[in-house]
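Student: Please pick one part of this model and take me through it closely. I would like to see how it connects to its surroundings.

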Amino acid sequence: MYTHGHHETVLRSHRWRTAATEITEPALQLARAEANARRQENIDFVVADVHSLDLPDNTFDVVHAHQVLQHVADPVRALTEMRRVCRPGGIIAARDSDYTAFTWFPHVPALNDWLALYRQAARDNGGEPDAGRRLLSWANKAGFTDVTATASTWCFAAPADRQWWGQMWAERILYSDLAQQVLASGLATEDDLHRISQGWREWADASDAWFTVLHGEIICRA
């Protein structure tokens with residue numbers, strides 16, 4: 001289950017991402033619209049279960065999963081399937097965040113509550129919010145023998161960047177599927193979510209605010 005859901009506050013961050021820097025019908029519509037806007041006609045969009053891809057063996061030169069394995073029930077099986085549909089000598093790549101490793105300044109207590117709440121909700125959905133540090137282990141368990149493991153970060157410190165990041169999460173914690181989930185499960189109250197939302201706005205408005213998102217990465221040879 002995709003913990004964030006596909007509210008506009010979530011799709012806003014999807015639009016920001018590029019191949020250099022996920023799936024329901026709204027996300028597919030967004031991808032198709034972007035491809036049409038760029039007049040890219042050599043792209044197909046399909047929905048599939050990464051645990052059991054309805055695709056033939058040895059189909060692709062590159063299989064890439066960006067911020068996906070943290071949400072799936074069995075990431076080792078997913079990597080095994082990604083390897084199956086990749087041609088011999090091809091590349092299987094994955095990148096996932098590591099939420100526990102997120103760090104920020106200044107200290108805003110509500111953001112600590114946000115992080116604890118998100119990690120619990122993600123695990124309740126059968127995911128692993130600290131997937132980044134586990135990618136190499138999962139690749140080894142999936143049988144890969146040629147794996148390069150690295151890390152990278154997003155940093156939100158420039159005024160426009162921190163406003164974008166902070167305001168996005170201030171809205172997401174109130175309106176996305178994550179908000180509905182934690183309310184329904186009793187993990188948080190409406191007051192809790194509004195306090196966390198205000199904490200994000202407080203952080204974004206600080207002139208010295210700084211936030212880093214750590215990603216684990218793997219590149220594997222089929």
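**Strand 5 and its surroundings**

Tutor: Strand 3 and strand 5 are antiparallel, joined by three bridges. This is a predicted model, in which local features need pLDDT of at least 70 and side-chain atom pairs pLDDT 80 or more, while totals for chains, interfaces and linings use all residues. Residues are numbered from 1 along each chain as its sequence is written, and side-chain values use heavy atoms, leaving out hydrogens and water.

Two terms come up throughout. Helices (H or I, at least four residues) and strands (E, at least two) are DSSP runs, numbered from the N terminus. Two strands pair if DSSP finds at least two bridges between them.

Start with the partners. In the pairing with strand 3, Phe105 faces Trp210 of strand 5. Strand 4 also runs antiparallel to strand 5, over ten bridges. There, Thr148 has Ile219 of strand 5 as its bridge partner. Strand 2 is another antiparallel neighbour, with seven bridges to strand 5. Ile91 stands opposite Arg221 of strand 5.

Strand 2 leads on to strand 1. Strand 1 (residues 60-66) and strand 2 (residues 86-97) are parallel, with six bridges. His64 is matched with Ala93 in strand 2. Helix 3 (residues 75-84) joins these two strands in a right-handed β-α-β unit. Right-handed means that, with the strands pointing away from the viewer, the path from the first strand over the helix to the second runs clockwise.

A salt bridge also links strands 1 and 2. Arg87 pairs with Asp61, their closest N and O atoms 2.9 Å apart. Arg87 lies in strand 2 and Asp61 in strand 1, so the contact ties together parts 26 residues apart in sequence. The criterion is a side-chain nitrogen of Lys or Arg within 4 Å of a carboxyl oxygen of Asp or Glu. Twelve salt bridges are found in the whole structure.

Now the packing. A nonpolar core is a set of buried Ala, Val, Leu, Ile, Met, Phe, Trp, Tyr and Cys residues joined through side-chain atoms within 4.5 Å. Buried means under 20% relative accessible area, exposed over 50%, and partly exposed in between (1.4 Å probe, protein chains only). The largest core holds 33 residues; Phe211 is among those with the most contacts inside it, as are Trp114 and Trp200. Strand 5 (210-221) supplies at least two residues of this core, as do helix 4 (109-124), strand 4 (147-156), helix 6 (159-175), helix 7 (177-185) and helix 8 (190-205). Helix 4 contributes the most, eight residues.

Trp200 shows the packing in detail. Residues it touches include Trp114, Trp165, Trp169 and Phe211, leaving aside residues up to four places away in sequence. Contact here means heavy atoms within 4.5 Å. A second, separate core has 22 residues, including Val50, Ala78, Leu79 and Ile92.

Helix 4 deserves its own look. Its buried residues include Leu111, Trp114, Leu115 and Tyr118. Their cover includes strand 5, along with strand 3 (103-105), helix 6, helix 7 and helix 8. The 16 residues of helix 4 reach 23 Å from first C-alpha to last, close to the expected 22 Å. That expectation is 1.5 Å times one less than the number of residues. After helix 4 comes Gly126, with a positive phi near 85°.
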